[in-house]
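Here is a short, friendly tour of one chain, meant to be read with the structure open beside you. Take a look at the fold before reading on.

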Amino acid sequence: MRLGRSRIEDDVQALAVIRDSIGDQIRLMCDFNQGLDCRLLTPWVANLIAAIRKPIIRLALDSNDSKRPWTKAVRLLRDAGIAKANIRSYVLCGVDMPEDD
């Protein structure tokens, strides 16, 4: 869920303020129809995502350099209680390969 701020960190902070003001009973609607940037996932964000009823999460795996953050993101989501079947990935193939391959 984006609130329209220029940085995702500001949106996440705004959500924290909303939760602190209203309480944990608030239910947020989210649609993760694009791959999430695994580098931005924290345990707190993973727990927020886990609070969504039956979330389908799509992670971006854009290059070989993204493997470590992707692995960490999957672990954080699983540790937060999200079913493995609900974690999907978008993979870009050939990005790190020479043109003639």
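## Helix H1 and its cover

Helix H2 (43-50) is part of what covers the buried residues of H1. Those buried residues of H1 are Asp11, Ala14, Leu15, Ala16 and Arg19. Please keep in mind throughout that this is a predicted model.

How does the span of helix H1 (residues 8-22) agree with 1.5 Å a residue? Its 15 residues should span 21 Å, and the end C-alpha atoms are indeed 21 Å apart. Just after H1 comes Gly23, with a positive phi near 110°.

## A parallel pair and its crossover

Moving on to the strands, S1 (residues 57-61) pairs with S2 (residues 87-91) in the parallel sense, over 5 bridges. Between these strands the chain passes through helix H3 (residues 67-79), and the resulting β-α-β crossover from S1 to S2 is right-handed. If you would like one bridge to look at, Arg58 has Arg88 in S2 as its partner.

## Asn86, ahead of S2

The loop between H3 and S2 holds Asn86. Is Asn86 buried or exposed? With a relative accessibility of 19%, Asn86 counts as buried, because the cut-off for buried is under 20%.

Which residues does Asn86 touch, leaving aside its neighbours within four places in sequence? Asn86 is in contact with Lys54, Pro55, Ile56 and Ile57. With Pro55 there is a polar approach to inspect: a polar atom of the Asn86 side chain lies 3.3 Å from the backbone oxygen of Pro55.

## Two salt bridges

Side chains of opposite charge can pair when their charged atoms come close. How many salt bridges does the structure hold? There are 2.

One salt bridge joins Arg39 to Asp37, with their closest N and O atoms 2.6 Å apart. Arg39 is exposed at 64% relative accessibility, while Asp37 is partly exposed, its relative accessible area being 30%.

Another salt bridge links Asp79 with Arg75, and here the closest N and O atoms are 3.9 Å apart. Both residues belong to helix H3, where they sit 4 residues apart, so about one helical turn separates Asp79 from Arg75. An α-helix has 3.6 residues a turn, so residues three or four places apart point the same way. As for accessibility, Asp79 counts as exposed at 58%, and Arg75 is partly exposed with a relative accessible area of 45%.

Conventions:
Residues are numbered from 1 along each chain as its sequence is written. This is a predicted model: local features need pLDDT of at least 70, side-chain atom pairs count only at pLDDT 80 or more; totals for chains, interfaces and linings use all residues. Side-chain values use heavy atoms; hydrogens and water are left out. Two strands pair if DSSP finds at least two bridges between them. Helices (H or I, at least four residues) and strands (E, at least two) are DSSP runs, numbered from the N terminus. A crossover is right-handed if, with the strands pointing away from the viewer, the path from the first strand over the helix to the second runs clockwise. A salt bridge is a side-chain nitrogen of Lys or Arg within 4 Å of a carboxyl oxygen of Asp or Glu. Buried means under 20% relative accessible area, exposed over 50%, partly exposed in between (1.4 Å probe, protein chains only). A polar contact is a pair of N or O atoms within 3.5 Å; within protein, one must be able to donate a hydrogen and the other to accept it, and residues adjacent in sequence count only if both atoms are side-chain atoms. Contact means heavy atoms within 4.5 Å. The expected span of a helix is 1.5 Å times one less than its number of residues.
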